[in-house]
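Grab a coffee and open the structure viewer. Below is a short set of exercises, each followed by a worked solution.

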Amino acid sequence: MNAVLIALLLLPLAGAAVTLAPFGPDRATADRRALRFGTAVTGAVLVLTAVLAAGFDHDRPSRMQAVTDVRWIPALDVRLHLGVDGISLPLLVLTALLTFLCAVYSTRRLPSGDGVPSAQAFTGLLLLLETGMLATFAVLDLVLFFVAFEIVLIPMYFMIARWGSGAKVPAANRFILYTLLGSAVMLLGFLLIGTKAGTFDMTRLAAAHGSGLSHTTQLIAALAILLGLAVKAPAWPLHSWLPDAHTAAPTAGSVLLAGVLLKMGTYGLVRVWLPIVPDGAATFAPYLGAFAAVGIVYGSLVCLALARPGAKGDLKRLIAYSSVGHMGFVLLGIASLTPAGLNGALFANIAHGLVTGLLFFLVGAVKDRYGTADLDTLAGATGAALYGRTPRIGALLAFAAVASLGLPGLAGFWGELLAMFGAFDPAAFLSRPAFLTYMVLAGLGTLLTAAYLLVVVRRVCMGDPKQPAPVADVPDLRPYEAVSWTPLAALTLLAGLWPALLLGLSDPAVKHLLGGG
């Protein structure tokens, strides 16, 4: 299985390198072949991920499996250390699935960009992005984790800057500046840990559970790592790069940015921050919980303001702000430092990737058909009437909205419930009154979330289909869209009805980490 995990990382990297070669005698032929090649490579990666999941020992999800551990930079004791457990396996599967669906979608709906970038370049960047995302969840060395973390930034920057829309260059610049600054601060924390502990190996550091690191070292390193990862999460108030990036990014970029890149920050908190610097994590957990609770309410209030008539709210921007609120639940679960809260955070990670990925696909389709994502323009005087004009898209949008607001039986419910339960009964050394306050704020956030999503459904899905539409012809669900979106809808329902599918993997691994690796 270690060979499967290595192939999982090398295949998209090799595919990205192949895209540098000519794909055809003319531009049109090269573009068609490049898009098919990207679909084939991402499909093969998804198959390898399924093989890895099938061969995974589900009876021992807390144990690192498919391990490769060889010397890479002996002078710094940096090792090429790879492995997967019950925490990282679902994220690897989610990453491979979303990348494949984006590749399938892009074969028929490639963003136009500036006319200069080709489908060949887009495919190469998509495969390089997949390499970095997969490596982030598979590496077990702090230096390698940083390298993988950085690999994703350049492809995403060009996806926004070259294939985006609107104010795409300023949005891409803000994205790269914020995330690079966060990564630099995070690296300082990693270097401090590595020099003081004498190793960058994440499994050895987790097993030590802070022994060998002084209290002061843990505090400084925990603060640096928390700040760096909070930018990527994104945690309020370090989130301001996200709405602009989502609004400007092409559909595939928005799906991967929300579905995978945001998870890299929260995954780092669980994998690195909690087990390696536990004293520092315990010190800063109340502050993380406070920022998470404020982010939940703040994101919901902004979405509610964008959804009201006359606000000229952009649907992509609204969903971006909703991610600030949803990721707040993930951060709240992590801040509780309890198995229930951490399981809720990991479950909410996967649920958000599925649901928000589906929402960005749907909003991209609506924008392609109407030429805008402006809610007032779409809704007009009576509503956009998707139920009457495009009933399948309207039904899927309503389904994704109720999943996002946390309807029981769908994926969004369990993660938020467990995160709030973790806040209700946090770790014994944390202030219970403070976390009860955070739980109440999170509960208020769920009500506000339901309010703005129901407003969006009413304005976009309902209305009089006989009223003039912004465009004459609005086609319903196309075959390639059905192929791209159906797996996300099905998995959203499956995770909601069978939460043990994910919790059975994460719970033993979480307890193992909290207990000292």
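A residue counts as buried under 20% relative accessible area, as exposed over 50%, and as partly exposed in between. Keep in mind that you're looking at a predicted model.

**Exercise 1. A pair within one helix**

Work out how Asp-507 and Lys-511 are placed in helix H21, and say whether each is buried, partly exposed or exposed.

Solution.
- Step 1: Start with the pairing. Asp-507 and Lys-511 form a salt bridge, and their closest N and O atoms are 3.2 Å apart.
- Step 2: Check the spacing. Both sit in H21 (residues 500-514), and because they are 4 residues apart, about one helical turn separates them.
- Step 3: Apply the cut-offs. Lys-511 has 48% relative accessibility, so it is partly exposed. Asp-507, at 24%, is partly exposed too.
- Step 4: Look beyond this pair. Arg-174, Asp-244 and Arg-317 are joined into one network by salt bridges that share partners.

**Exercise 2. A pair that spans the sequence**

Find out which helices hold Asp-376 and Arg-459, and what their pairing ties together.

Solution.
- Step 1: Recall the chemistry. Side chains of opposite charge can pair when their charged atoms come close.
- Step 2: Get the distance. The closest N and O atoms of Asp-376 and Arg-459 are 2.8 Å apart, and the two form a salt bridge.
- Step 3: Place the partners. Asp-376 belongs to helix H15 (residues 375-379) and Arg-459 to helix H19, so the bridge ties together parts 83 residues apart in sequence.
- Step 4: Ask about burial. Asp-376 and Arg-459 are both buried.
- Step 5: Put it in context. The structure has 9 salt bridges.

**Exercise 3. Two partners, two surroundings**

Glu-481 and Arg-478 form a salt bridge. Is each partner buried or partly exposed?

Solution.
- Step 1: The N-to-O distance in this bridge is 3.8 Å, and the cut-off for a salt bridge is within 4 Å, so the pair qualifies.
- Step 2: Glu-481 has a relative accessible area of 1%, so it is buried.
- Step 3: Arg-478 comes in at 26%, so this partner is partly exposed.

**Exercise 4. Helix against helix**

Decide how the axes of H18 and H19 run relative to one another.

Solution.
- Step 1: Take the geometry. H18 (residues 411-424) and H19 (residues 432-461) have axes that come within 7 Å and cross at roughly 155°.
- Step 2: Use the rule that angles over 145 degrees count as roughly antiparallel. H18 is therefore roughly antiparallel to H19.
- Step 3: List who touches. H18 contributes Glu-416, Met-420, Ala-423 and Phe-424, while the H19 side includes Arg-432, Phe-435, Leu-436 and Met-439.
- Step 4: Sort the contact by class. You get 7 nonpolar, 2 polar and 2 charged residues.

**Exercise 5. Unusual backbone spots**

Locate the cis peptide bonds between H9 and H10, then look at the positive phi values of His-209 and Leu-337.

Solution.
- Step 1: Ala-233 and Pro-234 are joined by a cis peptide bond with omega about -10°. Trp-236 and Pro-237 are also joined by a cis peptide bond, with omega about 10°.
- Step 2: Pro-234 lies in the loop between helix H9 (215-232) and helix H10 (241-248), and Pro-237 is in the loop between H9 and H10 as well.
- Step 3: His-209 has phi near 55°. This residue is in the loop between helix H8 (202-208) and H9, and its 27% relative accessibility makes it partly exposed.
- Step 4: Leu-337 also has phi near 55°. You'll find Leu-337 in the loop between helix H13 (315-335) and helix H14 (339-370). With a relative accessible area of 13%, Leu-337 is buried.

**Exercise 6. A covered helix and a neighbour**

Work out how many residues of H6 are buried, and which residues Thr-179 touches.

Solution.
- Step 1: H6 (residues 153-163) is mostly covered, with 8 of its 11 residues buried. Among them are Leu-153, Met-156, Tyr-157 and Trp-163.
- Step 2: The buried residues of H6 pack against several helices, including H4, H5 and H7.
- Step 3: Thr-179 is in helix H7 and is buried, at 3% relative accessibility.
- Step 4: Leaving out residues up to four places away in sequence, Thr-179 touches Leu-153, Val-231 and Lys-232.
- Step 5: The Thr-179 side chain also reaches the backbone oxygen of Phe-175, at 2.6 Å.

Definitions and conventions. Residues numbered from 1 in each chain as written. Predicted model: local features only at pLDDT ≥ 70, side-chain atom pairs only at ≥ 80, totals over all residues. Heavy atoms only, no water. Axes fitted to C-alpha atoms, helices over the stretch in contact; angles between N-to-C directions. Helix = DSSP H or I, 4+ residues; strand = E, 2+ residues; numbered from the N terminus. Parallel < 35°, antiparallel > 145°, perpendicular 65-115°, else oblique. Contact = heavy atoms within 4.5 Å. Nonpolar A, V, L, I, M, F, W, Y, C, P; charged D, E, K, R; others polar. Salt bridge = Lys/Arg side-chain N within 4 Å of Asp/Glu carboxyl O. Buried < 20%, exposed > 50% of the residue type's maximum accessible area, 1.4 Å probe, protein only. Polar contact = N/O pair within 3.5 Å; in protein donor to acceptor, adjacent residues only side chain to side chain.
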